[in-house]
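Let's take a walk through this structure together. Have a look at the picture first, and then we'll go through it piece by piece.

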Amino acid sequence: MEELLRTSEVEIRYGSLPVVQGVSIRVNSGQCVSVLGSNGSGKSSLLRGIMGAQRVSKGEIFWKKREIQGLRTEAIVKLGLVYVPEQKMLFGPLSVLENLMLGAYLIKDQELIRANLKHVFELFPRLEERIYQRASTLSGGEQQMLAIGRGLMSNPKLLMLDEPSLGLSPLLVKELLGTVARLKQEGIPILLVEQNVKEALHIADYGYVLQAGRLVLEGPSSELLASDLIRSAYLGL
Amino acid sequence: MASEVLLQAIVAGLLFGMVLSVVALGLTIIFGVMDIVNFAHGEFLMIGMYTGLLVSQYTGADPLFALPVAAVIGGLLGYLCYWLFVRLLLRGPMLAQLLGTFGLMLFLRNLALLLFGSEDRSIQKGILVGKSVVIFGSCVVPSTKLGAAVLAVLAFLGTYLFIEKTKIGKALQATAINPHAARFMGISTDRMNALAWVIGGAGVTVAGGLLVNFWAVNPYVGLLFTMLAFTIVALGGFGSVPGAFFAGLIVGIITEFPGIWDAISLWTGWNWMYKVPMISFKYTWVYLAYFLIMLITPKGLFGWKR
């Protein structure tokens, strides 16, 4: 399998406090990889570091074997890495449609934009119903749908989802992660950061577990689900 | 009689207000996109006025033909100011940005003083200069002010449509709302900031090119218009484009308060009103309005950022 993204011994600090220490992960084409861990384990910081939105103090990041560390966020987006942030970061005063079109900012081909829009509305019919509504007036679940839809508008070569289920009801979590599973089947490579360990591992092919900024466990999802650490620390078994 | 004086004042105020809203447009856009208050805004206007004056003097063309030249010079000036100066200030604290654009103001003003001297200069000839038209039956309006107002509305509308209807305009709005999120869409914050300065610079120099048709220019002329622009932006809401338009009209009418005062004194026949030299402190009312707006509704009529 072709290697898409690889981090090597990445370290990220907030001031003098290290939040990510020596983390190496890898995502191959066609793969869904999950980064798991509790609050404050450094998962989001790692993604922000990959996106150039957070300074990486040590280590290297490669996209298709080319070093991308130190590039500006816009340049990294241009390569096809798309980040759907944890706090959604929607453009609240703008409409659903305007938000989606901004997701396609780098695409010139109008046909492609139309096709992507159709795809997003197929995945999330509720967004189509609210097409002219301001993003800030959507419910939490709809906002998360919009954030993911906006990410999909640019034909991501790797979709990085930062805790898509955060703050949603169990029913919505199921619905949303079901959509993530569908995207995986469509062949979109996904890097999924989640606290819902069980659900995430059911979707992902491979998983990494972070604790206090360090990688403590990694392996194929089925192995992780059976491991003692996961069973005792995250699944309460 | 009283109603004619009142009409005259309101029409004059609205026409002047239309030009003022273009003066304020760049200030509100730059603030909206990058939360920076450009104290040198009035000096950009002064440069636009000198551009109109000098182009028409040296080429013999009508001052209105100098408008495209003013737009190019203003846009270029805005671009260079951003890339060579403001971008570096962004690395410092908020105070550095305030003091930085304040320094830019002093520099441009004194540069103009060095180049052009301190005396008032005005345009003597032009298609519109020295003529007037009568509208609404009895209202005499100088052609220069009417023409400037019409062109100002067109310029404002053009800028508004650019921001609302084009892809790059939406990207500008996205950066104004949340620059981090916009970067995740692939929108470069630096480019959008530079664009805001280009629009801001071009808009205000065009306003200067319009203004010089009926307003004498000197190196200090910027101060008055910076103050007027601040009032308009505060009233309309910092960062709000439609707000700048309506607030511009309101501030335009406030500047004609002495005319309204005269109308009231004619209507009531109160003698004491004639004795107040209202015309000599006409801008006091604008600054009083600014003060009251900040006190009563700090977010302005249209709120912060649309």
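Before we begin, one term: a crossing of two helices is called right-handed if the near helix is turned clockwise from the far one by less than a right angle, and left-handed if it is turned anticlockwise. Also keep in mind that this is a predicted model.

**Two helix pairs in chain B**

With that term in hand, look at chain B, where α1(B) passes α10(B) in a right-handed crossing. The crossing of α1(B) with α9(B) is right-handed as well. Two packed helices are described by the angle between their axes and the distance between the axes. Here are those values for both pairs:

| Helix pair | Angle | Axis distance |
|---|---|---|
| α1(B) (2-34) and α9(B) (221-236) | roughly 65° | within 8 Å |
| α1(B) and α10(B) (241-255) | about 140° | 6 Å |

How do we put these angles into words? At roughly 65°, α1(B) counts as roughly perpendicular to α9(B). At about 140°, α1(B) is oblique to α10(B), because only angles over 145 degrees count as roughly antiparallel.

Now for the residues that do the touching. On the α1(B) side of the contact with α9(B) you'll find, among others, Leu20(B), Ala24(B) and Phe31(B), and they face a group in α9(B) that includes Phe225(B), Leu228(B) and Ile232(B). Sorted by class, the residues of this contact are 10 nonpolar and 3 polar, with no charged ones.

The contact of α1(B) with α10(B) has Ile10(B), Phe16(B) and Leu25(B) among its α1(B) residues, and Phe245(B), Leu249(B) and Ile253(B) among those of α10(B). Which classes turn up here? There are 14 nonpolar and 7 polar residues, and again no charged ones.

**A sheet in chain A**

Over in chain A, 6 strands line up as an open sheet with mixed pairing, in the order β7-β8-β9-β4-β10-β11. Which strands sit at the edges? Those are β7 (81-84) and β11 (214-220) of chain A, each of which pairs on one side only. From one strand to the next, the twist averages 15°.

Let's zoom in on one pair of neighbours. Strands β8 (158-162) and β9 (190-194) of chain A run parallel, joined by 4 bridges. One spot to find here is Leu161(A), which stands opposite Leu192(A) in β9(A). Helix α7 (170-185) of chain A packs on the sheet, where it touches β4 (32-36), β8 and β9 of chain A, and its direction makes about 160° with that of β9(A).

**Domains in chain A**

The domain assignment splits chain A into domain 1, made of 1-80, 157-167 and 189-237, and domain 2, which covers 88-155. Their C-alpha centres lie 25 Å apart. How many residues does the contact take from each? It takes 6 residues from domain 1 and 5 residues from domain 2 of chain A. On the domain 1 side, α2 (73-78) and β8 of chain A are the elements that give two or more residues. That side has 4 nonpolar residues, 1 polar and 1 charged.

**Where the chains meet**

Finally, the contact between the chains takes 18 residues from chain A and 15 residues from chain B. On the chain A side, the elements giving two or more residues are α2 and α3 (96-103) of chain A. By class, this side of chain A has 12 nonpolar, 3 polar and 3 charged residues.

Notes. Residues are numbered from 1 along each chain as its sequence is written. Chains are lettered from A and ligands numbered from 1 in the order in which they are written. This is a predicted model: local features need pLDDT of at least 70, side-chain atom pairs count only at pLDDT 80 or more; totals for chains, interfaces and linings use all residues. Two strands pair if DSSP finds at least two bridges between them. Axes are lines fitted to C-alpha atoms, for helices over the stretch in contact, and angles run from 0 to 180 degrees between N-to-C directions. Two residues are in contact if their C-beta atoms, placed from the backbone, lie within 7 Å. Domain bounds come from an automatic or database domain assignment. Ala, Val, Leu, Ile, Met, Phe, Trp, Tyr, Cys and Pro count as nonpolar, Asp, Glu, Lys and Arg as charged, and the others, Gly among them, as polar. Angles under 35 degrees count as roughly parallel, over 145 as roughly antiparallel, 65 to 115 as roughly perpendicular and the rest as oblique.
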